[in-house]
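Welcome to a short tutorial on reading a structure, told as a conversation between a learner and a teacher. Please keep the view open beside you as the turns go by.

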Amino acid sequence: MKVRFWGCRGSIPRSRPDMLRYGGNTPCIEVISSSGHIVVLDLGSGAFDLGVDLMKRAKQSDGGKMKGTVLITHTHWDHIQGLPFFAPVS
């Protein structure tokens, strides 16, 4: 299993030099199971970068498509604000 945090900030995305270590995106977590299934937890502002990365991976895969699961923990703005910019569902 692999876990990657594409965002873990609070209510609003922030971009400042003192936030470079952990990033400034709001919650978005990618989990890849041992079988390769992708689960995305929340679609905060980190979903934009994740979506771009998933589209690149899909192009490199055999069929050019990927399947996965998106789970929204709750509908506070910081957990859904990346949805309109998440390329795999546009």
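**Reading the features one by one**

Q: Leaving aside its neighbours within four places in sequence, which residues is Gln81 in contact with?

A: Contact means heavy atoms within 4.5 Å. Once neighbours within four places in sequence are set aside, Gln81 is in contact with Ser11, Pro13, Thr26, Leu43, Gly44 and Ser45. Do bear in mind that this is a predicted model, where local features need pLDDT of at least 70 and side-chain atom pairs count only at pLDDT 80 or more, while totals for chains, interfaces and linings use all residues. Residues are numbered from 1 along each chain as its sequence is written, and side-chain values use heavy atoms, with hydrogens and water left out.

Q: Is Gln81 buried or exposed?

A: Here is the scale: buried means under 20% relative accessible area, exposed over 50%, and partly exposed in between (1.4 Å probe, protein chains only). Gln81 has a relative accessible area of 12%, so it is buried. You will find it in the segment after helix 2 (77-80).

Q: How many helices and strands does the chain have?

A: Both are DSSP runs numbered from the N terminus: helices are H or I with at least four residues, strands are E with at least two. In this chain there are two helices and four strands. Read from the N terminus, their order is β-β-β-α-β-α.

Q: Which residues does Lys2 touch, not counting residues up to four places away in sequence?

A: Lys2 belongs to strand 1 (residues 2-7). Beyond those sequence neighbours, it touches Glu30, Val31 and Ile32. Its relative accessible area is 62%, so Lys2 is exposed. For a sense of distance, the C-alpha atoms of Lys2 and Phe48 are separated by 19 Å, with their positions 46 residues apart along the chain.

Q: Where is the place of Thr69?

A: Look in strand 4 (residues 68-71). With neighbours within four places left aside, Thr69 is in contact with His37, Ile38, Val39 and Val40. Among these, Ile38, Val39 and Val40 fall in the range of strand 3 (38-41). Thr69 is partly exposed, given its relative accessible area of 31%. From Thr69 to Ser11, 58 residues apart along the chain, the C-alpha separation is 24 Å.

Q: What is the phi of Asp42 near?

A: Phi of Asp42 is near 70°, which is a positive value in a residue other than glycine. Asp42 sits in the loop between strand 3 (38-41) and helix 1 (47-60). With a relative accessible area of 5%, this loop residue is buried.

Q: How many disulfides are found in a search of the whole structure?

A: In general, a disulfide is a covalent bond between the sulfur atoms of two cysteines. The cut-off applied here is a pair of cysteine sulfur atoms within 2.5 Å. The search of the whole structure finds zero. Cys8 is in no disulfide, and the nearest cysteine sulfur, that of Cys28, is 11 Å away. That 11 Å is too far for a bond, which is why Cys28 does not pair with Cys8. Their surroundings can be read too: Cys8 counts as partly exposed at 48% relative accessibility, whereas Cys28, at 0%, counts as buried.

Q: Which residues is Pro88 in contact with, leaving aside its neighbours within four places in sequence?

A: Pro88 lies in the segment after helix 2. Outside its sequence neighbours, it is in contact with Gly51, Leu54 and Met55. Pro88 and Met55 are 33 residues apart along the chain, and their C-alpha atoms are separated by 6.6 Å. At 36% relative accessibility, Pro88 counts as partly exposed.

Q: Which residues does Leu83 touch, not counting residues up to four places away in sequence?

A: Leu83 is also in the segment after helix 2. It touches Leu43 and Val89. Leu83 is partly exposed, with a relative accessible area of 44%.

Q: What radius of gyration does the chain have?

A: The radius of gyration is taken over C-alpha atoms, and the globule rule is 2.2 Å times the number of residues to the power 0.38. For 90 residues, a compact globule would come out near 12 Å, and the chain's 13 Å agrees with that. Along the principal axes, the C-alpha atoms fill a box of roughly 40 × 25 × 25 Å. Of the 90 residues, 31% count as buried.
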